[in-house]
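Biologist: I am new to this structure and would like a close look at a single part of it. Please take one buried residue and its contacts, then work outward to the strands and helices around it.

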Amino acid sequence: LLELKGENKFRARAYDGGARAVEELREELGTLVDEKRLTSIGGVGPALAATIAEIWSTGRSEQLERLRKEVPAGALELSQVPGLSLKKIQQLSAALGIDSVARLKQACETGELRQLKGYGEKTEQKLLEGIDSWERRDSRVRLIDALDDVEPLGAYLANHPAVKRVELAGSLRRWKETASDADFVVASDEPAAVIDHLIAYSPVVRTVSRDERDVTVRLSNGFHVELHVVPPAELATALVRATGSSAHVARLQALADRRGIDFQAPAADEREIYARLGMAYVAPELREDTGEIEAALDGSVPQDLVALSDVRGMTHCHTVYSDGKNSIEEMALAAEAMGMEYITITDHSPAAHYAGGVTLDQLKRQWDEIARVQEKVKVRLLRGTESDILEDGALDYPDAILEKMDVIIASIHSRMKMDEAAMTKRLVNAMRQPLFKIWGHALGRLILRRDPFACRVEEVLDAVAESRAAIEINGDPYRLDLAPEWSQKARERGIKFVISTDAHSTRNLHNLRYGIHIARRGWIRKSEVLNTLDADAFVKAVRPGA
């Protein structure tokens with residue numbers, strides 16, 4: 001609402017930052033409120049602390065209520081239509097009572113809008129084009145946001161006494177980067193009771209459809225959930241059908257029909273179903289009909305895809321030395337608690353001034369601190385950097401400094417709109433630098449926010465294959481870069497990978513699971529991932545100056 005009113009953008013961003021800070025709290029919020037210590041949270045000043053305390057104590061915010069009164073009903077929705085400022089929204093509300101995009105569309109289509117001064121045929125047509133764009137907007141959400149919704153729902157379903165087993169299916173089980181809905185398969189002999197249990201879940205606001213064994217509901221945030229209840233003996237078959245893409249399942253059904261096999265016959269598990277069809281087992285992440293059927297039939301589909309338990313070291317981790325939220329010791333102890341053998345301390349390099357890039361003076365202090373912390377922890381601390389790839393392809397920091405590090409993540413953070421030829425040259429030059437480096441968040445994408453930058457990817461992959469380099473599979477759920485289709489192209493060239501967390505806090509270390517599954521979607525095997533090696537072998541493999 002503040003942004004809509006055109007108020008100070010930094011003030012508006014403060015609330016966004018405050019929300020993230022509260023979300024990542026390790027202490028109980030109520031304790032901080034009671035002890036008046038909210039300002040001890042990074043980024044929370046006195047004004048924001050007062051707002052947080054008010055919401056905590058009363059469940060409401062006077063400021064929010066005042067803002068809602070100051071803008072017309074439906075203003076937030078209407079503001080999504082290109083060309084509609086708050087002033088115009090107020091005018092439309094006062095003159096015609098327009099309080100939604102649907103009402104605006106009606107006023108345009110009936111000619112009602114032309115009653116207002118300045119709203120002629122051209123304006124009307126432009127608004128209709130904007131409304132059409134809004135109506136066709138992508139309804140998909142990021143994987144992390146979808147899982148935040150459905151994982152608690154899965155636990156809720158499992159608590160019902162009639163439920164024998166609950167499995168998440170669909171695109172979320174395939175770990176697609178985005179999702180438009182969620183699918184659950186539940187084994188139970190009491191489908192009506194299970195369906196009623198789902199409908200009673202507090203975030204459910206509407207039942208879209210329902211029959212004897214299936215129901216679709218809408219959650220309060222607009223996300224749809226489909227539930228399929230099957231007898232326990234039919235769970236494996238239902239799970240195969242509900243997990244794979246429509247193309248994958250259609251190929252399986254066609255294969256079963258040609259061979260006279262009953263695809264619906266009960267099976268002990270999913271492996272039995274694929275074996276019955278004369279195929280090697282296909283992991284859920286691969287079920288997209290992108291070659292896995294053929295590979296399963298000839299036995300070449302990987303059976304040793306990298307798994308969470310295979311990873312022995314946390315890579316690409318930031319601390320308070322740049323834009324991280326936790327100290328070196330805190331990050332080390334968190335990695336140690338997760339069973340890791342090593343962690344790379346890879347803060348931003350000087351060129352990333354917007355992210356508190358570490359200067360040479362600061363780097364010396366950081367290395368001294370790493371040495372002190374190493375004496376207190378078991379996990380091995382590796383000195384490194386996330387070095388910016390500069391415009392000409394050079395790496396940030398002098399080579400004499402880079403050679404002393406244990407690991408270099410080389411990433412692009414600036415000038416992302418270079419044309420395809422220039423960006424390709426920049427990346428090829430970077431990969432050909434003589435120091436070993438790991439190509440970080442390779443194509444710079446941000447899920448649903450920023451497309452990959454333009455470059456001739458296969459040409460860059462060729463340069464990686466010919467150079468002393470590996471590629472990062474970035475587990476930040478807002479990045480998930482490199483995309484699976486390019487990971488497969490990299491594998492064909494014999495390129496090695498590192499699965500990273502891109503962690504900016506101890507909490508972010510759990511990004512590892514996203515990195516694992518995005519790697520599995522790219523058919524990446526354990527033997528192709530460098531941080532499945534022990535500490536000595538990993539250091540030997542990635543040391544810049546070796």
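Modeller: R479 is in contact with H441, G444, R445, L446, I447, R450, N474 and D502, leaving aside its neighbours within four places in sequence. The model is a predicted one. R479 itself sits in the loop between strand 13 and helix 21, the latter covering residues 484-492. Its relative accessible area is 13%, and because buried means under 20%, R479 counts as buried.

One of the contacts of R479 is N474, and strand 13 spans residues 469-474. This strand runs parallel to strand 12, residues 437-439, and three bridges join the two. In one of these pairings, I438 has A470 of strand 13 as its bridge partner. In general, the strands of a sheet pair through backbone hydrogen bonds, and the pairing is either parallel or antiparallel.

Strands 12 and 13 belong to an open sheet of seven strands, ordered 8-9-10-11-12-13-14 and paired in parallel. At its edges are strand 8 (313-317) and strand 14 (497-500), each of which pairs on one side only. On average, neighbouring strands in this sheet are turned by 30° against each other, direction ignored. Elsewhere in the sheet, helix 17 (residues 360-374) lies across strand 9 (342-348) and strand 10 (380-388). Helix 17 runs at about 155° to strand 10.

Two further helices can be described together. Helix 19 (residues 420-431) and helix 20 (residues 457-466) have axes that come within 9 Å and cross at roughly 10°. Angles under 35 degrees count as roughly parallel, so helix 19 is roughly parallel to helix 20. Where they meet, helix 19 contributes T424, L427, V428 and M431, while helix 20 contributes E459, V460, A463 and V464. Sorted by class, this contact has six nonpolar residues, one polar and one charged.

A second buried residue can be set beside R479. H517 lies in helix 22, residues 512-521. With a relative accessibility of 19%, H517 also counts as buried, since the cut-off is under 20%. Leaving aside neighbours within four places in sequence, H517 is in contact with W175 and E285. R479, by its place, is in a loop, whereas H517 is in a helix.

Methods: Residues numbered from 1 in each chain as written. Predicted model: local features only at pLDDT ≥ 70, side-chain atom pairs only at ≥ 80, totals over all residues. Heavy atoms only, no water. Axes fitted to C-alpha atoms, helices over the stretch in contact; angles between N-to-C directions. Helix = DSSP H or I, 4+ residues; strand = E, 2+ residues; numbered from the N terminus. Parallel < 35°, antiparallel > 145°, perpendicular 65-115°, else oblique. Contact = heavy atoms within 4.5 Å. Nonpolar A, V, L, I, M, F, W, Y, C, P; charged D, E, K, R; others polar. Buried < 20%, exposed > 50% of the residue type's maximum accessible area, 1.4 Å probe, protein only. Pairing = 2+ DSSP bridges.
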